[in-house]
Amino acid sequence: MTMTIRSSAFSHNEMMPALYTCEGENISPPLEWTAPPAGTKSLVMISDDPDAPDPAAPKMTWVHWVLYNLPPVAGVLPEGVADGDLPAGTLIGINDRQFAGYSGPCPPIGTHRYFFKLYALDTVLPDLGNTTKAEIVKRMEGHILAQSEMIGLYIRSENR
């Protein structure tokens with residue numbers, strides 16, 4: 001059985017509700033996943049946008065959320081989960097707004113894709129302090145047992 005990630009708030013490759021964006025409450029969407037494979041010691045969840053700043057001419061991948069050392073038994077992140085309410089042992093990386101935590105979609109132009117990627121690791125990563133996605137990805141090398149992703153889409157109301 002393959003590990004999968006999904007949201008009850010929107011379907012894969014469908015529009016995300018504004019609630020989870022800069023035009024709404026900018027809270028994290030609810031996420032849930034199936035059991036990771038045997039031998040999983042921790043999970044990493046990365047949310048990013050490869051279409052920044054303009055989907056017609058992307059120049060970078062914008063990081064919205066980095067969580068690591070999620071316990072493999074967690075299975076769910078509720079809507080608007082506060083940093084202090086994350087599953088025990090979960091650590092938070094820095095997003096591209098330069099703070100730890102969730103930063104929702106706020107695309108300047110066009111419809112962007114927001115990836116929610118879940119990785120099952122055969123290790124628990126060390127506490128890396130105010131770390132970045134790049135450092136987490138580097139530390140995951142050689143330790144990924146499985147991965148899954150879902151994509152939400154968003155365009156700001158002023159650009160519709």
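Here are five short exercises with worked solutions on this predicted model.

**Exercise 1. Locate Ser-148, decide whether it is buried or exposed, and find the backbone atoms its side chain reaches.**

Solution. Begin with the secondary structure: Ser-148 lies in strand S9, which spans residues 144–154. Next, look at accessibility. The cut-off for buried is under 20% relative accessible area, and Ser-148 has 12%, so this serine counts as buried. Now follow the side chain. One polar partner is the backbone nitrogen of Ile-5, at 3.2 Å; another is the backbone oxygen of Met-3, at 3.4 Å. Finally, widen the view to the contacts, leaving aside residues up to four places away in sequence: Ser-148 touches Met-3, Thr-4 and Ile-5, as well as Phe-116, Lys-117 and Leu-118.

**Exercise 2. Work out the strand order of the open sheet that contains S3, and name its edge strands.**

Solution. Three strands make up this sheet, in the order S1-S3-S6, with antiparallel pairing. To find the edges, look for strands that pair on one side only: these are S1 (5–6) and S6 (76–77). Then zoom in on one pairing. S3, residues 31–33, is joined to S6 by two bridges in the antiparallel sense. Within this pairing, Leu-31 has Leu-77 of S6 as its bridge partner.

**Exercise 3. Find the buried side of helix H1 and say what it packs against.**

Solution. First pick out the buried residues of H1 (133–140): Lys-133, Ile-136 and Met-140 are buried. Then check their directions around the axis. Because they span an arc of only 65°, they sit on the same side of H1. The general rule behind this kind of pattern is that an α-helix has 3.6 residues a turn, so residues three or four places apart point the same way. Now turn to the face directed away from the buried side, where the exposed residues Ala-134 and Lys-138 are found. As for partners, the buried residues of H1 pack against four strands: S4 (42–52), S5 (60–70), S8 (112–121) and S9. One last detail comes just after the helix, where Gly-142 adopts a positive phi of about 80°.

**Exercise 4. Describe the largest nonpolar core: which members touch the most others, and which strands supply it?**

Solution. This core has 24 residues, and those touching the most other members are Met-45, Trp-65, Leu-67, Leu-77 and Phe-116. Sorting by strand, S3, S4, S5, S8 and S9 each contribute at least two residues. S8 gives the largest share, with four. Take Phe-116 as an example: beyond four places in sequence, its contacts include Ile-5, Phe-10, Met-16, Pro-29, Leu-31 and Met-45. Ser-148 is also among the residues that Phe-116 touches, which leads back to Exercise 1. A second core, separate from this one, has 11 residues, among them Ile-46, Val-63, Leu-128 and Met-140.

**Exercise 5. Trace the pairings of S5 with S4 and S7, and judge how covered S5 is.**

Solution. Start with S4: S4 and S5 are antiparallel and share eight bridges. In register, Ile-46 stands opposite Val-66 of S5. Move on to S7 (residues 91–92), which is antiparallel to S5 and joined to S5 by two bridges. Here Tyr-68 stands opposite Leu-91 in S7. Lastly, count the buried positions: eight of the 11 residues in S5 are buried, making this strand mostly covered.

Note on methods: Residues are numbered from 1 along each chain as its sequence is written. This is a predicted model: local features need pLDDT of at least 70, side-chain atom pairs count only at pLDDT 80 or more; totals for chains, interfaces and linings use all residues. Side-chain values use heavy atoms; hydrogens and water are left out. Buried means under 20% relative accessible area, exposed over 50%, partly exposed in between (1.4 Å probe, protein chains only). A polar contact is a pair of N or O atoms within 3.5 Å; within protein, one must be able to donate a hydrogen and the other to accept it, and residues adjacent in sequence count only if both atoms are side-chain atoms. Contact means heavy atoms within 4.5 Å. Two strands pair if DSSP finds at least two bridges between them. The arc is that of the directions from the helix axis to the C-beta atoms. A nonpolar core is a set of buried Ala, Val, Leu, Ile, Met, Phe, Trp, Tyr and Cys residues joined through side-chain atoms within 4.5 Å.
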